[in-house]
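Colleague: Please put the model up, and then we can go through some questions about it.

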Amino acid sequence: MNRSKIFILIGVSALLAVVLAVRISGHLSSISYRSPHHVTQPQPAPREQGLTDAAEADAARQKAKPYEEVEYRKFPITGSRVAIWVVAQLHLLFAAFVLAVPIFAFLIQLIGYKTGDKRYDRLAHEFTRLLSVSFSFTASFGAFLTFMLIILYPKLTQYLMHVFNPTFLPYTLLFFAEAVFLYAYYYGWGKFSPRVHLAIGLALNLTGTAIMFIANSWLTFMSSPRGVADSGAVISTWEAINNFTWMPINIHRMIANVSYGGSIAAAYAAYKFLSAKTDEARAHYDWMGYIGNFVAIAALLPLPFAGYWLTKEIYAFSQTMGLIMMGGAFSQLFIIQAILIGVLFLGAAYYLWLGMARIEGAERYQKYIKYLVSIIVLCIAVWATPRSPISTSSEMRAMGGSFHPLLGYLGLMSAKNTAVDVLILTIFVSFLLYRRSGKYAVVPWEKTGNRLQASILALAVGVVVFYGVYGYFVEAAVRIGFSVPQVLAVLTAMISVSIIDIFMFRGARNSETHWGRMPVRSQYILIIIAVTFTWTMGLMGYARAGLRMHWHVYGVVRDTSPDAFTPTLGFAANVVSVTALIFFTFIGFVFWLSGLTDRKDYEPKEPKAS
Amino acid sequence: MKIPAGLKILAVVLATTGAYTYLGHWVPQKEVYPPAEIALSTDMSPEALAENGKKIAADKGLCLTCHTIGQSGILRFPDLAGIGGRAASIIPGMSDIEYFAQSMYEPNHYIVPGFNPGMPMAHKPPIAMTDQEILAVIAFLQSLGGTPTVTLATQHAYNGGGGTQPASQSPSVAVSKADEGRALYDKYDCAKCHNLDTPEKGKKAGPSLYGVGQRLSNAQIFVAILYPDRASADPADIDKMEKGLEKKEFPVRHAQPESADAGKTNGHDPVLDLLVENATLQQVQALVEFLTQPEDLTP
């Protein structure tokens, strides 16, 4: 063998040895360590043992974990506060509707029973058609709200339940009673004697009112707590219920519910009017829309006074809260409120004036409309004028501050009370003219009666304007009391003029009213009124809750959540608008469902002859 | 093409909602946050304290929600311009510091003529300023038309110093005991038989308690609550009060013996009663505290 072959053989052998050594060492390192002692079970590698130990330690830590109460939980995307806000508002909107419809359905049914006019009974029945699914939605949103409060605000909810635990059983039992009376009222229509059916309607209303009173105590306690110590300990549950703002909110909501319910019912009538195929149907829904709008506006007229009482009680509870509301963070909100209420009044008046066109003989009163429009627009303008107008820096320098030298005086409550009271009287006169449009009085004292009515109205306006102007020259403590004679003057005028009108037109000669002969735009006005009402309720809900600032229960339970700040009006407008749109989606379903009754029964199509 | 009514209605709803959304964004926007805590240190000069007091007054104290500085005309609450220069002369014998302190701890004790009571107590919720924060606000108020002299070491009647209040009981403690008494007054429904806001008895069964602190000593009021039969000689009145209190589960005692047994009153020894039932004592003390506070503090 020559030398080169030997070298090659050695090289290959070395290479093979290296490869073999690498393979053997790799194999040896991959096999598990075996103890030299005899064992029956395979021992885990150190890494695996370590992982097992860590898992066991973690499990032991989890088992030993102490129970910690969570104060807040987060709702995805919107955050907890907005989620609760939307659901609560939806519950409130449906609850308002469900409480209101039985009130005016009962009253309309009563009118039908007293006069013997079957139209009123049928109308009341038709309004009640909207109730059953609305009741379900109310309860569903209420349950949704309750669960969300428990999950997202557990400590606050627990505290409120601790304070109000005696009220929950009555509340639940009343709900059962409400369901019994509501379904008996609707499904029993025409099946009982009128008196029995009316009694069921009355029971339904009383039950619904009681439910609202209980629920109002919870939310008003959060704004104006009473009956608890500084620490939050309960001293008296009754005082917690009967706090400063409880009764004012009860009255305000009862009246507002009727107004709101009337507007939604009128919106339903508008929807049916616009979808009607026959003149007869149009006439019926025109009349229904008129009744709904009448209910809405009749209840809207005294509503500002209920609002004044509520504001007075807020001030009595806390002047600071009152001033935050009217002169601080929420002052601009009330400018928007003025515009919204202005739209409501102007819209309602415009609807009435359009309606005069369907009444023969109404032409004699149409000349007054331009004066009424002017007064209404002027009053709304005064009401909506802020104390500090939106100004640039140079404008503020020119004015010498944020207070406009002339218009600033209109930003004070003296001017606003006056404007609202005159506005209410003007709407009242509007309605008075509509009412007498097709009537010709036959009493001999008609001229005297008209002069008397005009004098009473002029006197009321005089009283209102006098106190409004005088308020600028007296101290605040005196000025605040002037709203009482102003309100009394307006209420006295409305009641006395109505009484004179009723007697004056007894036995009057009536001209014909052509129901259904209404321009289409009048129906869109009813829709706008319903949307405006909904939006106003959402805005006022923001005001009521926002006045608590960074408190869950004002002065008692502090809000320490990430949402413990008052959002801007723009943000609130977004939330209110989204809520309103969701509500109208649901109410659209209610309208559609109620309209199914009029649809022909389904008939399967005949198979085609082959 | 005929547009369905539903679509037209939807358009109107969207347009109206959109208009109001725009309106909501059009007005000046304001986001309000919870008050920030301002750190105060004991080595702050009066001027520095006044500077921080200004921030507290505008934020946590909520002072500028109600009070203006430099405005005249129709005002709901007193304007604070120049208050630092005149506070010392508003109430004779009271320094400016004591006046400011009283205005914040007991705001309804003195009402500026022409204005209504209604200012909340600054040391209580919802404002709940600390004693140090109140001192800072006092320094700020002194600076309005005057020179701040207050530091965090300054003492006044409401933080354990001298002044018009007895040192043994700081007014904040007295007020809170009076609050407790108020709650008990409501709990035992005393208003059912007694007027509190007018000296007239009116239609109530019992005498008016208006200004009772001026007519009777604390001890006399104490006894009248605990032993109604010592408050009146009329058995009908005694019976009414006892029944009313027993209904509310208040432990009524009889000073006069109901039986001929000498030294015993209805089976109880009055001295031992007082020693044993400390809870009752505490309640009566709170009631006395509430009834003897100045009339303008009585709600």
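Modeller: This is a predicted model, in which local features need pLDDT of at least 70 and side-chain atom pairs count only at pLDDT 80 or more, while totals for chains, interfaces and linings use all residues. Residues are numbered from 1 along each chain as its sequence is written, chains are lettered from A and ligands numbered from 1 in the order in which they are written, and side-chain values use heavy atoms, leaving out hydrogens and water.

Colleague: At what angle do helix α21 of chain A and helix α1 of chain B pack?

Modeller: Helices here are DSSP runs (H or I, at least four residues), numbered from the N terminus. Axes are lines fitted to C-alpha atoms over the stretch in contact, with angles from 0 to 180 degrees between N-to-C directions. For α21(A), residues 520-546, and α1(B), residues 5-26, the axes are 10 Å apart and the angle is about 40°.

Colleague: Which word describes how α21(A) and α1(B) lie to each other?

Modeller: Angles under 35 degrees count as roughly parallel, over 145 as roughly antiparallel, 65 to 115 as roughly perpendicular and the rest as oblique. The angle is about 40°, so α21(A) and α1(B) are oblique.

Colleague: Which aromatic pair crosses between chains, from α21 of chain A to α1 of chain B?

Modeller: Rings of Phe, Tyr and Trp (its six-membered ring) pair if their centres lie within 6.5 Å; planes under 30 degrees apart count as stacked, over 60 as edge-to-face and the rest as tilted. This pair is tilted, at 5.6 Å centre to centre and 45° between the planes. Both residues are buried (under 20% relative accessible area; exposed is over 50%, partly exposed in between, with a 1.4 Å probe and protein chains only). The pair is Trp535(A) and Tyr20(B).

Conventions
Helices (H or I, at least four residues) and strands (E, at least two) are DSSP runs, numbered from the N terminus.
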